[in-house]
Amino acid sequence: MKHFKVAAAIITYKNEILCMQRPESSYPYLSYKYEFPGGKIEAGETVEAALSRELQEEMALAVTVLPENFFMTVNHQYPDFSIEMHSYIIPVECKDFERLEHHHHSWLTAARLNELDWAPADIPIIEKLMNN
């Protein structure tokens, strides 16, 4: 079974968190689920460099991801693959970005995150954000 190491950004603006909705997927159980933006870590890349690259590719968002931005790691087994997801809190100065790969997005306070239908691997992050 495939295993992926991925990085995810918890993008914050003031008291809101960016929630991105996936497009239709070859994995039906992930189609249109909400997630934190990010993606696979390539060979030879640091987690922080991978996340910066993915945010540039998916959102035309130029940010510097620092080790001190680390939030938590989630290991999750999906039916067809497993992931090790490293998440980072990334504060931004404004809400401007280009949605290049996702279907939809919302900005929500931590208290409202559970109103969306999240990808299962993101749920532990949601729970920790809501309890902080």
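This briefing walks through the fold, the surface and a handful of residues in one chain. The model is predicted. The chain has two helices and seven strands, and from the N terminus the order reads β-β-β-β-α-β-β-β-α. The radius of gyration is 14 Å, which agrees with the value near 14 Å that a compact globule of 132 residues would have.

**Overall shape and packing**

- If you want box dimensions, the C-alpha trace spans about 40 × 35 × 30 Å along its principal axes.
- Buried residues make up 49% of the 132 in the chain.
- Sequence-distant pairing is a big part of the picture: take the contacts between residues at least 6 apart in sequence, and 67% of them join residues at least 24 apart.

**Surface and charge**

- The accessible surface adds up to about 7000 Å², and carbon and sulfur atoms account for 50% of that.
- On the charge side, there are 11 positive and 20 negative side chains.
- The centres of those two charge sets sit 3 Å apart.

**L18, W107 and T12: strands β2, β7 and β1**

- L18 is in strand β2, and its relative accessibility is 0%, so it counts as buried.
- Setting aside residues up to four places away in sequence, L18 touches I11, F36, M59, F97, H105, S106 and W107.
- The L18–W107 pair is a good example of a long-range link: 89 residues separate them in sequence, yet their C-alpha atoms are 4.7 Å apart.
- W107 belongs to strand β7, which covers residues 104–108.
- W107 has a relative accessible area of 14%, under the 20% cut-off, so it is buried too.
- Beyond four places in sequence, the W107 contact list runs to I11, T12, Y13, E16, I17, L18, V92, K95 and F97.
- I11 is 96 residues from W107 in sequence, and the C-alpha to C-alpha distance for that pair is 9.4 Å.
- T12 sits in strand β1 (residues 2–13).
- With a relative accessible area of 17%, T12 falls under the 20% cut-off and is therefore buried.
- Outside its neighbours within four places in sequence, T12 is in contact with I17, I89, I90, P91, V92 and W107.

**H105: the β7 residue with a polar partner**

- H105 is placed in strand β7.
- The relative accessibility of H105 is 25%, so it counts as partly exposed, in between the 20% and 50% cut-offs.
- The side chains of H105 and R99 are joined by a polar contact of 2.7 Å.
- R99 also turns up on the H105 contact list, together with L18, C19, M20 and F97, once residues up to four places away in sequence are left out.
- For a sense of spacing, E58 is 47 residues from H105 along the chain, and their C-alpha atoms are 13 Å apart.

**K33 and Y32: the loop between β2 and β3**

- K33 lies in the loop between β2 (16–21) and β3 (34–35).
- Loop or not, K33 has a relative accessibility of 19%, so it makes the buried class, where the cut-off is under 20%.
- The K33 side chain has a polar contact of 3.0 Å with the side chain of D117.
- D117 is also among the contacts of K33, alongside M20, Q21, R22, W118 and A119, leaving aside neighbours within four places in sequence.
- Y32 is found in the loop between β2 and β3 as well.
- Backbone-wise, Y32 has a positive phi of about 65°, although it is not a glycine.
- Y32 is partly exposed, with a relative accessible area of 36%.

**A60: another positive phi**

- A60 is in the loop between α1 (47–59) and β5 (70–77).
- Its phi is positive at about 50°, and A60 is not a glycine either.
- At 32% relative accessibility, A60 lands between the 20% and 50% cut-offs, so it counts as partly exposed.

Technical notes:
Residues numbered from 1 in each chain as written. Predicted model: local features only at pLDDT ≥ 70, side-chain atom pairs only at ≥ 80, totals over all residues. Heavy atoms only, no water. Helix = DSSP H or I, 4+ residues; strand = E, 2+ residues; numbered from the N terminus. Buried < 20%, exposed > 50% of the residue type's maximum accessible area, 1.4 Å probe, protein only. Contact = heavy atoms within 4.5 Å. Polar contact = N/O pair within 3.5 Å; in protein donor to acceptor, adjacent residues only side chain to side chain. Rg over C-alpha atoms; globule rule 2.2 N^0.38 Å. Areas by Shrake-Rupley, 256 points an atom, 1.4 Å probe, with all protein chains shown as cover. Lys, Arg positive; Asp, Glu negative; His and termini not counted. Charge placed at Lys NZ, Arg CZ, Asp CG, Glu CD.
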